[in-house]
Amino acid sequence: MAAIEGKWKLISSSNIAEFHDAIKTAEPFKSKLLEMKEAGKTDPDSYLEEIEVDLKENKVVRRIFVKGEKKFEMEFDIGKENEIVGPDGRTSKGRCDLVGDNRITFTNKVEDVEMQGQMEAKDKTLTVTITANGVSATEIFTKI
């Protein structure tokens, strides 16, 4: 099992609204997403993410849960270009790579916006950093 795998509870975030402005996330989805992430800071069951790494299939799966219900799932082929539909309904093309067993790096392009970021696990902390159009956002999760 890769160190990055498991369920993660959001404990803090910064620049999320500014990041979603930079990637042109439409309302009302943006407001709903920000509300869920804020609730996750005080209610541990409000917003969870799960990461699964399948080295046999060479895939990474990222699932988002709200109040215990799976709301979204993204599956990526490691080291290949992927086309996915994001939680806001827009299609993006990108690539994800597994670096060791504790870090995923990714690039994505949605419409005319290019993004890059990483998810890195250290001990029981997952740090997600993503940048687009010069705006960076960070989320910190703890393993549950």
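# Reading a ten-strand sheet: a tutorial

User: Where does the charged end of K7 sit, and how far from the ring centre?

Analyst: It sits over the ring of F65, 4.5 Å from the centre of that ring. Keep in mind that this is a predicted model.

User: How many aromatic pairs are there?

Analyst: The count comes to zero aromatic pairs.

User: Now the fold. How many strands does the open sheet have, and in what order?

Analyst: It has 10 strands, paired antiparallel. Read across, the order is β4-β3-β2-β1-β10-β9-β8-β7-β6-β5.

User: Which strands are the edge strands?

Analyst: β4 and β5, as each of them pairs on one side only. On average, neighbouring strands of this sheet are turned by 25° against each other, direction ignored.

User: How many bridges join β5 to β6?

Analyst: Five, and the two strands run antiparallel. As a reference point, N82 stands opposite G94 in β6.

User: Let's take β8. How do I read its side chains?

Analyst: Start with the general idea. In a regular strand, side chains alternate between the two faces of the sheet. Now the case here. V113, M115, G117, M119 and A121 point to one face of the sheet and are buried. E114, Q116, Q118, E120 and K122 point to the other face and are not buried.

User: How many bridges join β7 to β8?

Analyst: Eight, with the strands running antiparallel. In this pairing N108 stands opposite M115 in β8.

User: What about the other side of β8: how many bridges join β8 to β9?

Analyst: Again the count is eight, and these strands also run antiparallel. Strand β9 covers residues 125-132.

User: Which residues take a positive phi in the two hairpins?

Analyst: In the hairpin of β7 and β8, E111 does, with a phi near 55°. In the hairpin of β8 and β9, D123 does, with a phi near 55°. The β7 and β8 hairpin has two residues between the strands. The β8 and β9 hairpin has two residues between its strands.

User: Pick one residue and walk me round it. Where does Q116 lie?

Analyst: Q116 lies in strand β8, residues 113-122. Across the pairing, Q116 stands opposite T131 in β9.

User: Why is Q116 classed as partly exposed?

Analyst: Because its relative accessible area is 40%, and the partly exposed class lies between 20% and 50%.

User: Which residues does Q116 contact, leaving aside neighbours within four places in sequence?

Analyst: F106, T107, T129, I130 and T131. Take F106 as an example of sequence versus space. Q116 and F106 are 10 residues apart in sequence. Their C-alpha atoms are 5.6 Å apart.

User: Next, charges. How do I read a salt bridge?

Analyst: The general idea is simple. Side chains of opposite charge can pair when their charged atoms come close. A search of the whole structure finds 13 salt bridges.

User: Which residue forms a salt bridge with E75?

Analyst: K59 does, with the closest N and O atoms 3.4 Å apart. This pair links distant parts of the chain: E75 is in strand β4 (residues 69-77), and K59 is in strand β3 (residues 59-66). The two are 16 residues apart. E75 is partly exposed at 40% relative accessible area. K59 counts as partly exposed at 21%.

User: How far apart, N to O, are K59 and D77 in their salt bridge?

Analyst: They meet at 2.5 Å. Here too the pair links distant parts of the chain, with K59 in β3 and D77 in β4, 18 residues apart. D77 counts as partly exposed, at 24% relative accessibility.

User: Where in the chain are E111 and R90?

Analyst: Both are in loops. E111 is in the loop between β7 (103-110) and β8, while R90 is in the loop between β5 (81-85) and β6 (91-99). They are 21 residues apart. Their side chains meet in a salt bridge of 3.3 Å, N to O.

User: Buried or exposed: how do E111 and R90 count?

Analyst: E111 counts as exposed, at 52% relative accessibility. R90 is buried, with a relative accessible area of 14%.

User: Which residues are linked in a network of salt bridges?

Analyst: E50, E52, R63, K70 and E73.

Conventions: Residues are numbered from 1 along each chain as its sequence is written. This is a predicted model: local features need pLDDT of at least 70, side-chain atom pairs count only at pLDDT 80 or more; totals for chains, interfaces and linings use all residues. Side-chain values use heavy atoms; hydrogens and water are left out. Helices (H or I, at least four residues) and strands (E, at least two) are DSSP runs, numbered from the N terminus. Buried means under 20% relative accessible area, exposed over 50%, partly exposed in between (1.4 Å probe, protein chains only). Contact means heavy atoms within 4.5 Å. Rings of Phe, Tyr and Trp (its six-membered ring) pair if their centres lie within 6.5 Å; planes under 30 degrees apart count as stacked, over 60 as edge-to-face and the rest as tilted. A charge sits over a ring if NZ of Lys or CZ of Arg is within 6 Å of the ring centre and within 35 degrees of the ring normal. A salt bridge is a side-chain nitrogen of Lys or Arg within 4 Å of a carboxyl oxygen of Asp or Glu. Two strands pair if DSSP finds at least two bridges between them. Axes are lines fitted to C-alpha atoms, for helices over the stretch in contact, and angles run from 0 to 180 degrees between N-to-C directions.
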